[in-house]
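Q: Got a minute to walk through this one with me? I'd like to go residue by residue where we can.

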Amino acid sequence: MNSPTTAPPTGGHGAPPPDGSSGVRLLAGWYATGRPATLADHLGRYGPPPVTAAGGGPASAGLIEAVEAAGLTGRGGAGFPTARKLRAVADRRRRAVVVVNAVESEPASRKDRFLLAVAPHLVLDGAVLAAGAVGADTVHVCLPRDPSGGYRRLDAALEERRRAGLDRVRLLPHALPHAYVSSESTSLVRWLGGGPARPQGSPPRSHERGVDRRPTLVSNAETLAHLALIARYGPDWFRRSGTREEPGTLLVTVSGAVASPGVLEAAAGTPLTTLLDRAGGPAEPLRAVLLGGFAGTWLPAEHLRTPLARRDLAPLGAAPGAGVVVALPRSACPLTETARMLAYLAAHSARQCGPCRLGLPAVAEDFAALAAGRADPVLWSRLSHRVALLPDRGACRHPDGAARLAASALHAFADDVDRHLTEGPCPAAHEPPRIPVPPATPPEAWR
């Protein structure tokens, strides 16, 4: 893809751009210093943010074209083209709103909270630049309501920017209930409008009428940080990492049976084995990895040389999702681990439609019976039928994710399923859990 005919907005630069082939861009400052970046650190490395014309001027159009040429896609899980989202809001030609989605309610993911902890100003630069591109005067930054200190750190970063007079738009922090479905984009819009942090299943879509009935861009925190770098260094630089079809880098949370779990940054298309090695390597022989988190897909160990890219994973029924890789050891019972995740997903549904109120609990109950070896004559056929009924029927995509997890487990661990059905639970089914799963209790609050 060629560079845009209109040059992207430019500003003063600090240090040279991070090496496009190194696989380290968003976390370059953290890797260099080992400490979170203050505003002074950030400006010294990158210079002030480029200027866009609020309200859709030529510089704003240039930024959208640069993002399109770069091939940036959303890093929140769906992988939707970022330029298309920007243009959909900008084309409404009304005063818009930008929402930074850093709620990150996926239990196996830590990438967004880590990014905001160590490089908050890259995310905030991206949000401000996006606001200029779509004609917004307000940016809402949404975090989970938890005791980790993320909200306090964000507020300190915002205060640094206020004192420096850096931004021409309002940046407002928010702490949302930490329920699984609260990070869905329409949940954020609904909560910011005074409602519960539950998905809104019916039209209009957020880019048509979102917060305060205004066109609203909802974008993942990592996505906006990439946008901030594209605005500075251009689409050609962005494409120097990753693959032709999927350029750029990804933040990946690697956990489970690895020696050094944590958040890594890697070029799109990096083999899964390389990611595991960068996390210290497997702590014991692996049976499979879970890609994408609790709404993701189990991938057996024989596929670990597969690149972390949609094109390569699609034939295996998998996708990078929100950048989650959970290593499952051979010593664990995969059906028991999956059953615990499904119980959590059932408890954290929005309970606004039949698939969430009835279907998910039924699937979780059947899967728990399978994992425990409590098979009745029709368990297999009933479970398979119920899993097949979940997708494309809910008010949101929560049931789809649970169905994907359950179906992939039944396929990837077919031998275990047969043994549990015919011989009872395996010895590992009675061992302590190997994958952390929050308690399967409903959220305490939606507001």
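Q: Where does Arg287 lie?
A: Arg287 lies in strand 7. Keep in mind that this is a predicted model.

Q: Buried or exposed, or somewhere in between, for Arg287?
A: In between: Arg287 is partly exposed, with a relative accessible area of 24%. Buried would need a value under 20%.

Q: What does Arg287 touch, leaving out residues up to four places away in sequence?
A: Pro300, Ala301, Leu328, Pro329, Arg330, Pro334, Phe413 and Asp416.

Q: Which side chain does the side chain of Arg287 make a polar contact with?
A: With that of Asp416, at 2.3 Å.

Q: And how far apart are Arg287 and Cys333?
A: In sequence they're 46 residues apart, and C-alpha to C-alpha the separation is 9.6 Å.

Q: OK, strands. How many bridges join strand 7 to strand 9?
A: There are 5 bridges between strand 7 (residues 286-291) and strand 9, and the two run antiparallel. Within that pairing, Ala288 stands opposite Leu328 of strand 9.

Q: What about strand 5 and strand 9, parallel or antiparallel?
A: Parallel, with 4 bridges joining strand 5 (residues 249-256) to strand 9. Val254 has Val325 in strand 9 as its bridge partner.

Q: How many residues of strand 9 are buried?
A: 6 of 6, across residues 324-329.

Q: Which residues sit on which side of strand 9?
A: Val324, Val326 and Leu328 are on one side, while Val325, Ala327 and Pro329 are on the other. Both faces are covered, with all of these residues buried.

Q: Why do they split up like that?
A: In a regular strand, side chains alternate between the two faces of the sheet, so neighbours point opposite ways.

Q: Switching to the core. How many residues are in the largest nonpolar core?
A: The largest one has 54 residues. Leu86, Val100, Leu115, Leu122 and Val139 have the most contacts inside it.

Q: Which helix gives the most to this core?
A: Helix 6, residues 120-134, which puts in 10 residues.

Q: Is there a second core, and what does it include?
A: A separate core of 50 residues includes Ala350, Leu383, Cys426 and Val437.

Q: Back to Leu115. What is Leu115 in contact with, leaving aside neighbours within four places in sequence?
A: Leu26, Leu27, Pro120, Val123, Ala221, Glu222, Ala225 and Leu251.

Q: Glu222 caught my eye. Which residues are linked with Glu222 in a network of salt bridges?
A: Arg75, Lys111 and Asp112 are linked with Glu222 in that network. The side chains of Asp112 and Lys111 meet in a salt bridge at 2.9 Å, N to O.

Q: Are those two buried or exposed?
A: Asp112 counts as buried at 3% relative accessibility. Lys111 is buried too, with a relative accessible area of 1%.

Q: How many salt bridges does a search of the whole structure find?
A: It finds 24. One of the pairs is Arg87 with Glu68, whose side chains meet at 3.4 Å, N to O.

Q: Which helices does that pair link?
A: Arg87 is in helix 4 (residues 82-90) and Glu68 is in helix 3 (residues 58-70), so the pair, 19 residues apart, links distant parts of the chain. Arg87 is partly exposed, with a relative accessible area of 28%, and Glu68 is partly exposed at 40%.

Q: How far apart are the closest N and O atoms in the Arg205 and Glu208 salt bridge?
A: They're 3.6 Å apart. Arg205 counts as exposed at 55% relative accessibility, whereas Glu208 counts as partly exposed at 23%.

Q: Last topic, backbone angles. What is phi of Asp212 near?
A: Near 55 degrees, a positive value in a residue other than glycine. Arg213 also has a positive phi, near 65 degrees.

Q: Why flag a positive phi?
A: Because most residues other than glycine have a negative phi.

Q: Where is Asp212, and is it buried or exposed?
A: Asp212 lies in the loop between helix 8 (185-192) and strand 4 (216-220). Asp212 counts as exposed, at 53% relative accessibility.

Q: And where is the place of Arg213?
A: Arg213 is in the loop between helix 8 and strand 4. With a relative accessible area of 54%, Arg213 is exposed, since exposed means over 50%.

Conventions. Residues are numbered from 1 along each chain as its sequence is written. This is a predicted model: local features need pLDDT of at least 70, side-chain atom pairs count only at pLDDT 80 or more; totals for chains, interfaces and linings use all residues. Side-chain values use heavy atoms; hydrogens and water are left out. A nonpolar core is a set of buried Ala, Val, Leu, Ile, Met, Phe, Trp, Tyr and Cys residues joined through side-chain atoms within 4.5 Å. Buried means under 20% relative accessible area, exposed over 50%, partly exposed in between (1.4 Å probe, protein chains only). Contact means heavy atoms within 4.5 Å. Two strands pair if DSSP finds at least two bridges between them. A salt bridge is a side-chain nitrogen of Lys or Arg within 4 Å of a carboxyl oxygen of Asp or Glu. A polar contact is a pair of N or O atoms within 3.5 Å; within protein, one must be able to donate a hydrogen and the other to accept it, and residues adjacent in sequence count only if both atoms are side-chain atoms.
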